[in-house]
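Subject: Structure handover

Hello, I am passing on to you the structure that we talked about, and I would be glad if you could look through it beside the notes below. Please keep the sequence open while you read.

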Amino acid sequence: MPARTVTVTRRPLTLIERLYVGELLRGILITSKIFWVNLWRHSLHRVGLGKGKPAMATILYPEVKRPLPDRYRTRHRLMKLEDGTERCVACMMCETVCPAYCIEIVAEERTDGYTEKRPRSFVIDLGKCIYCGNCVEVCPCDAIRMDTKILEVSAESRDSMVYRKEDLLNWEELPDGSVVDLSHRASLRKPDTEEAAAK
Ligand code: SF4
Ligand code: SF4
């Protein structure tokens, strides 16, 4: 089927619109109106009046955090076996499917009888990650999840955005199902690969 071209005619801006003064004033008026209406309603609520008309509430982040949906993708964690070691079998599927090329795995033979292979190092550069969730979807043994509800992944350098195996494994699940990050970025203090240790 031949492509159809639609020409959109745009209305030229008027002189007032081009000066932006009118739009600026309109913005100030809207913001002021919302501010005063909210202030009035919050004041009424404090004395027990006007409860039928809710005022806009602002979430006092970071003290108060917005509840996240169960399937919301947040910072990764590596799942563990009963003995606390990694469940990952170093199949490289997550590394292969990652569109941002931010996973790097070095595999080694596993000799404790659980599986044949394990990751000697497992690195995710969260500075590159786009939180697509492909790594979680593709994993054949549920070894990686993005359910920590940790959104605040900030750092002062690009290197600090690199999470290593010991960070990703260092978590604890509470009885209510929430995940606590215990790593405090341990890998920043202690290299987890022999190559890094040798440097
Ligand atoms: S969420 Fe997407 S971009 Fe991030 S590590 Fe997984 S596959 Fe790569
Ligand atoms: S996390 Fe899953 S997909 Fe990635 S290497 Fe380990 S087992 Fe394979």
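The centres of domain 1 and domain 2, taken over C-alpha atoms, are separated by 46 Å; domain 1 covers 12-58 and domain 2 covers 77-198, with bounds that come from an automatic or database domain assignment. This is a predicted model, in which local features need pLDDT of at least 70 and side-chain atom pairs count only at pLDDT 80 or more, while totals for chains, interfaces and linings use all residues. Residues are numbered from 1 along each chain as its sequence is written, and chains are lettered from A and ligands numbered from 1 in the order in which they are written.

Around ligand 1 there are 13 residues (C-beta atom, placed from the backbone, within 6 Å of the ligand), and the closest are Cys-98, Cys-129, Cys-132, Asn-134 and Cys-135. Ligand 2 also has 13 residues around it, of which Cys-88, Cys-91, Met-93, Cys-94 and Cys-139 come nearest.

Cys-94 appears again in the largest nonpolar core, which has 20 residues and in which Leu-78, Cys-94 and Ile-144 have the most contacts. Such a core is a set of buried Ala, Val, Leu, Ile, Met, Phe, Trp, Tyr and Cys residues joined through C-beta atoms within 7 Å, where buried means that 20 or more other C-beta atoms lie within 10 Å of a residue's own, with C-beta atoms placed from the backbone. Strand 3 (117-125) is among the elements that give two or more residues to this core, and its three residues are the largest share.

Best wishes

Technical notes: Buried ≥ 20, exposed ≤ 12 C-beta atoms within 10 Å, placed from the backbone. Helix = DSSP H or I, 4+ residues; strand = E, 2+ residues; numbered from the N terminus.
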